[in-house]
Amino acid sequence: MTTAVVPEPSVALPGWAHTYSGKVRDLYVPDESAAGAAITAAHGDVVLVVASDRVSAYDHVLSPGIPGKGVVLTQLSLWWFEQLADLVPNHVVSTDVPEAVAGRAMVCRRLSMFPVECVARGYLTGSGLVEYRASGEVTGIPLPAGLVDGSRLPEPIFTPATKAELGDHDENVPFSAVVEQIGADAATTLRDLTLAVYARAEAVARERGVILADTKLEFGTDPTTGAVTLGDEVLTPDSSRFWPADAWEPGRAQPSFDKQFVRDWLTSAASGWDRESDVPPPVLPADVVERTRDRYLEAFERLTGAPLPL
């Protein structure tokens, strides 16, 4: 197992106390100051979710980050939450956040999260392709013979995964394992919501010349309403595979709007890095950082139809 080393955030936020850092996000809760008490009085039990510019690959947090990435992830999530508001409630309470994290943070209701990564796939690639090549199935779902990397599936499928600890890999599991873990009613609800969100998002993206190959969602229960609620980020280049529709060609790896440039460079001879070693990855070259940033911005602009000022 590789352990991802995540730097502590350097920014202090009035009224908020840092409580956790993941590979990309930092979480804060209201502190014991008067400002923190005012936040709790106004919003209840909330957490400040701050998207950093950190970028991770192969369970390593890399250096440097991708400038503006945190803003892209947050603003695109907010845009998608609006597109999905009639399908499922979300955890966003307010975007009135400290100036130091303006544009890349959301005040969110604290949810009781389900221990399941809810994945919808409309195309075959990634870990799904690996499973298919080995067994003809993905998480126990039989698929037609003859599919290749990038093939469109006959219909979207729900392929859940267990949530891994920081530094571990999520593990794809069959639907029956989700039923066993959280019960049939909750598992069915998560499956139906995941596929409904995918269907809506896939149609929206397709209208804009973008293929949504797959996406990972996270849900929790709102402690106040009891409703199953969409949390975390949603339909960003970090949680989804977006491909330009005009370049789609099954049978090969597809160009994508995400950190693929980073992955490709890390596994190339140019980086000189051995993925199987215990040596941390080298510093990313400026051109890899810039090209990755351009892809994140292009994803935002294609999907929303508007540029993102940074």
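Here are some exercises with worked solutions on the predicted model shown above.

**Exercise 1. Work out how compact the protein is for its length, and what it is built from.**

Start with the inventory: the protein has seven helices and 17 strands. Next, take the radius of gyration, which is 19 Å, and set it beside the 19 Å that the globule rule gives for 310 residues. The two values are close, so the protein is as compact as a globular protein of that length. For the outline, the C-alpha trace spans about 65 × 50 × 40 Å along the principal axes.

**Exercise 2. Describe the protein's burial, contacts, surface and charges.**

Burial goes like this: 47% of the 310 residues count as buried. Now take the contacts between residues at least 6 apart in sequence: 64% of them join residues at least 24 apart. On the outside, the protein exposes about 14,100 Å², with carbon and sulfur atoms supplying 51% of that. Finish with the charges: there are 25 positive and 43 negative side chains, and the centres of the two sets sit 4 Å apart.

**Exercise 3. Find the buried side of helix 3 and say what covers it.**

Step one is to pick out the buried residues of helix 3 (residues 126-135), which are Gly128, Leu129 and Tyr132. Step two is to look down the axis: these residues cover an arc of only 100°, which puts them on the same side of helix 3. The general rule helps here: an α-helix has 3.6 residues a turn, so residues three or four places apart point the same way.

Step three is to flip the helix over. The face turned away from the buried side carries the exposed residues Val130 and Ala134. Step four is the cover: strand 9 (116-123) and strand 10 (137-138) are among the elements lying over the buried residues of helix 3. And just after helix 3, Gly136 takes a positive phi of about 80°.

**Exercise 4. Track down some unusual backbone spots: where are Pro64, Thr139 and Asp232?**

Take Pro64 to begin with. The peptide bond leading into it from Ser63 is cis, with omega near -5°. Pro64 belongs to the loop between strand 5 (60-61) and helix 2 (69-83).

Now for Thr139, which isn't a glycine but still has a positive phi of about 45°. You'll find Thr139 in the loop between strand 10 and strand 11 (141-142). With a relative accessible area of 6%, Thr139 falls under the 20% cut-off, so it is buried.

Asp232 isn't a glycine either, and its phi is positive at about 60°. Asp232 sits in the loop between strand 16 (228-231) and strand 17 (240-244). Its relative accessibility is 27%, so Asp232 counts as partly exposed.

**Exercise 5. Two residues of helix 5: is Thr194 buried or exposed, and what does Arg191 touch?**

Thr194 lies in helix 5 (residues 184-207). Its relative accessible area is 0%, so Thr194 is buried. Leaving out residues up to four places away in sequence, Thr194 touches Cys118, Val119, Ala120, Phe158, Leu217 and Phe219.

Arg191 also lies in helix 5, but at 28% relative accessible area Arg191 is partly exposed. With the same sequence neighbours left out, Arg191 touches Phe158 and Phe175. One last distance: Arg191 and Val289 are 98 residues apart in sequence, and their C-alpha atoms are 36 Å apart in space.

Notes:
Residues numbered from 1 in each chain as written. Predicted model: local features only at pLDDT ≥ 70, side-chain atom pairs only at ≥ 80, totals over all residues. Heavy atoms only, no water. Helix = DSSP H or I, 4+ residues; strand = E, 2+ residues; numbered from the N terminus. Rg over C-alpha atoms; globule rule 2.2 N^0.38 Å. Buried < 20%, exposed > 50% of the residue type's maximum accessible area, 1.4 Å probe, protein only. Contact = heavy atoms within 4.5 Å. Areas by Shrake-Rupley, 256 points an atom, 1.4 Å probe, with all protein chains shown as cover. Lys, Arg positive; Asp, Glu negative; His and termini not counted. Charge placed at Lys NZ, Arg CZ, Asp CG, Glu CD. Arc of directions from axis to C-beta.
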